Amino acid sequence: MFGTLALAVVVGLADPRPQLVELQLAGKVREALAHTEQELADRPVGARRMGLDYLRGHLLQVLGQHREAGEAFAAVIPGTPALSAYSRYRLALEQERMEHPEVAAGLVATALSGNPPAPLVPDAVRLLSRSLARGGDCQLLGGIRTETFPDLQRRQMILVHADCALRSGLRELGRSLLVRLLEENRDDDPARAAADRLAILVSEAERGRIPMLLGLTFHQHREFDRALSFLRQALGAEGSLSGRQAFETRYAVGRSHFWQARYAQAVVIFGELARRAGTPEQRARALYQQGRSYEFLGNWKSASASYRLAYMAEPRGAEWAAASLLSDLRLGWRSGDEAAALPLFDLLAAQPGWRDQTARAALFLASSDLVRGRRDRAGAWLDQVEIAGGDFLVEAAYWRGRLAELRKDPLEAVNHYLTAVRFDPHHPISRAALTRLATPAVARAATSLGRSLSTSSRPEDLHKAWLLLGKNEPAGRNARRKLQTMLLADRVTSPFLQLSEISVRHWPLWDRNPASPEEMLLALGVLHEGAPAVQKHFPWSDPALAYTGSLLLSRGGEISRSMYVAEMLRLRTPARVPLDVQPSDFHRLIYPHPYQQIVETHARVRGVDPDLLAAILREESRLDPAALSPAAARGLAQLTLPTARRLAADLDMQRLDPEDLYRPEIAIALGAANLGIITKNLGDAPHIVAAAYNAGEPQARLWKSYCFSQEPEEYFAKVGFRETRAYLRRVLTTMAHYQELY
């Protein structure tokens, strides 16, 4: 009780931390260190309770004074118990740097024992894994309760236990732990690492479940040659797998051939699999994949037959029936057999649960007609698109505008295009609508309507006028000024236009004593480790505080967290406040460019658009260098290890380890190289290049073959994968923001 009161007095009367944070934010590290050391000398008890020993170690480390930093962190352990786990972790990093893995392992294992701070666990587990692999003592694992860890870290620790068992000669224990990891989940990085280790322990004579697990894991991680070897081994003895296991194993064999563009082999395998199928779902799935394989071979007639058989195998199936009808419709329509294709649309539309697939089919049909100048049927199809709602509405509005143009009704076209643009001016379809508004057919009507709206007193009309006229028209600039003035006068919207940083001394953090380790670290200005506490003290409910929190995270190198806070603040902004009237610094927090120089350098070398490369990095990884997808795609560019190693070999890089992909300079270089290869093979159309980055070059080419024009908006309508449609929307939207901001 006395300790708490004493700290309250220190904080309330002479808290040095605001000034220390200000000095750090100003880049005055040496001044901050001198002030910290003076506080420790003048008021050692209060200063240590606030964690100034830790801050001293941090500042010394920033200045490269590693020995002194280690001494400071060591002093924290008895003096400030709340920060002892973080101090041990920092000391462990120092020992790793000095190549003392056995000492590093002991320190980080102690940090992880008991009840470690949750934000520290991921980094600490990675450090422990590295230290033990380089010579640390495996007996240290005995004091760590891994069942309390998040699932990924729990699985990483199981892998560490397996490695220790194998190094100790406990082969069966190690093997059983590796098998357990694959049985739990084959998707993540521990699964791939476990498969690497288990593959060495499995003899060529072994059949059944273990080779199957290995094959399915390597397949999931796109190592198809390794996958095929183990999948075939698993199937080597009749009866070694259950019927379901045998089906999934043969299915993975077929998909491995498919992904390696061996479509003829895939056709045979999926055909045999359909004959062996034990359920309608299995038969439908195999036939659908056979249809896709035929389609990539260019044999559209056989593909259509397979798709129809897939539909007939399970006519009301939630996944394969609708996908098969949609695929068959595309082939028939693109082949010119409209009489065969239109009944397939009716079958899709008859099922209420297939609303999205119906909308995608309707977009396919409507866009095909409209780019070829036909106007009589598109309206009814666009009605079906609008029923689906959501993101389909922006496309429906755009194609309604195209239909109005064909009907020689420029004002109606302008209104539809305006609807699309107001959805989000940076959306790729909205950008296409803006382009149409500038064409001779509708430009006069657009200008006339814009000038008329610019005299309005309604914010909605003024925003429309600004969108129609832009900054090159005096009336457009005036409309934007009027809109901004009206929003500033509104007490609800004004705070979102007047975003400014809250000074350190007015942070709410000082209103109460920081309780958690992360709050203490944030109060010390240690922004990386204090980042988890930002959301609590800089809440989204207060625009200025949230903006300040996002800025702090960005300065601390927590770009992904900063971006998330800024995005959430934007979502809480009233809908009548356009992003382009908010501060440009806020816009840049939502679309940051922390690696701009590296991106531009590699983009120039590889002949790719730097804004497209930057957009792909943002959308692939949320600009988190340590990002790891469920399929073990790593780093900023989210490359799987096989793809990364192939690219690295082409670039004459030395052996590439998985951890290398978490280094931004390597990830960006490889991502740019990958984008350069795609651009060379497919041309420099950003929509096709981005689609290929996500779905692969063969698939991107196939979607292009469905198109009757070179228009990006038609291509967007013809993309068949929901994931790739969403990916294209995000990447091209982000690219437009980067073009505007940088």
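**View 1. Arginine 316 sits in the loop between helix H18 (300–313) and helix H19 (320–334).** This is a predicted model, and we start on a loop. Arginine 316 counts as exposed, at 66% relative accessibility. Leave aside the neighbours within four places in sequence, and arginine 316 is in contact with Ala321, Gln351 and Trp354. Glycine 353 is worth finding here too: it is 37 residues apart from arginine 316 along the chain, and the two C-alpha atoms are separated by 9.6 Å.

**View 2. Arginine 285 is found in helix H17 (residues 280–297).** Is arginine 285 buried or exposed? Its relative accessibility is 8%, so arginine 285 counts as buried. Its side chain makes a polar contact with the side chain of glutamate 248, at 2.8 Å. Glutamate 248 also turns up among the residues in contact with arginine 285 once neighbours within four places in sequence are set aside; the full list is Arg244, Phe247, Glu248, Tyr251 and Trp320.

**View 3. Arginine 209 belongs to helix H13 (residues 209–220).** With a relative accessible area of 37%, arginine 209 is partly exposed. Which residues is arginine 209 in contact with, leaving aside its neighbours within four places in sequence? They are Val179, Glu183, Ser240, Leu241 and Gln245. For a longer look across the model, pick out arginine 375: it lies 166 residues apart from arginine 209 along the chain, and their C-alpha atoms are separated by 58 Å.

**View 4. Six residues of helix H25 (residues 428–437) are buried: Pro428, Ile429, Ser430, Ala432, Ala433 and Leu437.** What do these buried residues of H25 pack against? The partners are helix H23 (392–406), helix H24 (410–423), helix H26 (440–453), helix H27 (459–469), helix H42 (712–718) and helix H43 (722–741).

**View 5. Glutamate 567 lies in helix H34 (residues 559–571).** Not counting residues up to four places away in sequence, glutamate 567 touches Ile590, Arg618 and Arg622. Glutamine 19 is 548 residues apart from glutamate 567 along the chain. Between the C-alpha atoms of glutamate 567 and glutamine 19, the separation is 30 Å.

**View 6. Leucine 623 and glutamine 638 share the loop between helix H37 (610–621) and helix H38 (641–650).** Take leucine 623 to begin with. Most residues other than glycine have a negative phi. Leucine 623, though not a glycine, has a positive phi of about 60°. Leucine 623 is also buried, because its relative accessible area is 4% and the cut-off for buried is under 20%.

Now move along to glutamine 638. Glutamine 638 is buried as well, with a relative accessible area of 13%. Where does the side chain of glutamine 638 reach? It gets to the backbone oxygen of glycine 635, at 2.9 Å. Setting aside neighbours within four places in sequence, glutamine 638 is in contact with Glu620, Ser621, Ala627, Leu628, Ser629 and Ala633.

**View 7. Aspartate 652 is in the loop between H38 and helix H39 (664–682).** Here is another residue with a positive phi: aspartate 652 is not a glycine, yet its phi is near 60°. Is aspartate 652 buried or exposed? At 67% relative accessibility, aspartate 652 counts as exposed.

**View 8. Zooming out, the protein chain has 43 helices and zero strands.** Along the principal axes, the C-alpha atoms fill a box of roughly 90 × 80 × 45 Å. The radius of gyration is 30 Å, which agrees with the value near 27 Å that a compact globule of 742 residues would have. How many of the 742 residues count as buried? The share is 54%. Look at contacts between residues at least 6 apart in sequence, and 59% of them join residues at least 24 apart.

The outside of the protein chain can be put in numbers too. About 31600 Å² is exposed, with carbon and sulfur atoms supplying 51% of it. As for charge, there are 92 positive and 84 negative side chains. The centres of those two sets lie 3 Å apart.

Terms used:
Residues are numbered from 1 along each chain as its sequence is written. This is a predicted model: local features need pLDDT of at least 70, side-chain atom pairs count only at pLDDT 80 or more; totals for chains, interfaces and linings use all residues. Side-chain values use heavy atoms; hydrogens and water are left out. Buried means under 20% relative accessible area, exposed over 50%, partly exposed in between (1.4 Å probe, protein chains only). Helices (H or I, at least four residues) and strands (E, at least two) are DSSP runs, numbered from the N terminus. Contact means heavy atoms within 4.5 Å. A polar contact is a pair of N or O atoms within 3.5 Å; within protein, one must be able to donate a hydrogen and the other to accept it, and residues adjacent in sequence count only if both atoms are side-chain atoms. The radius of gyration is taken over C-alpha atoms; the globule rule is 2.2 Å times the number of residues to the power 0.38. Accessible areas come from the Shrake-Rupley method with a 1.4 Å probe; for residues, only the protein chains shown count as cover. Lys and Arg count as positive and Asp and Glu as negative; His and the chain ends are not counted. The place of a charge is taken as NZ of Lys, CZ of Arg, CG of Asp or CD of Glu.
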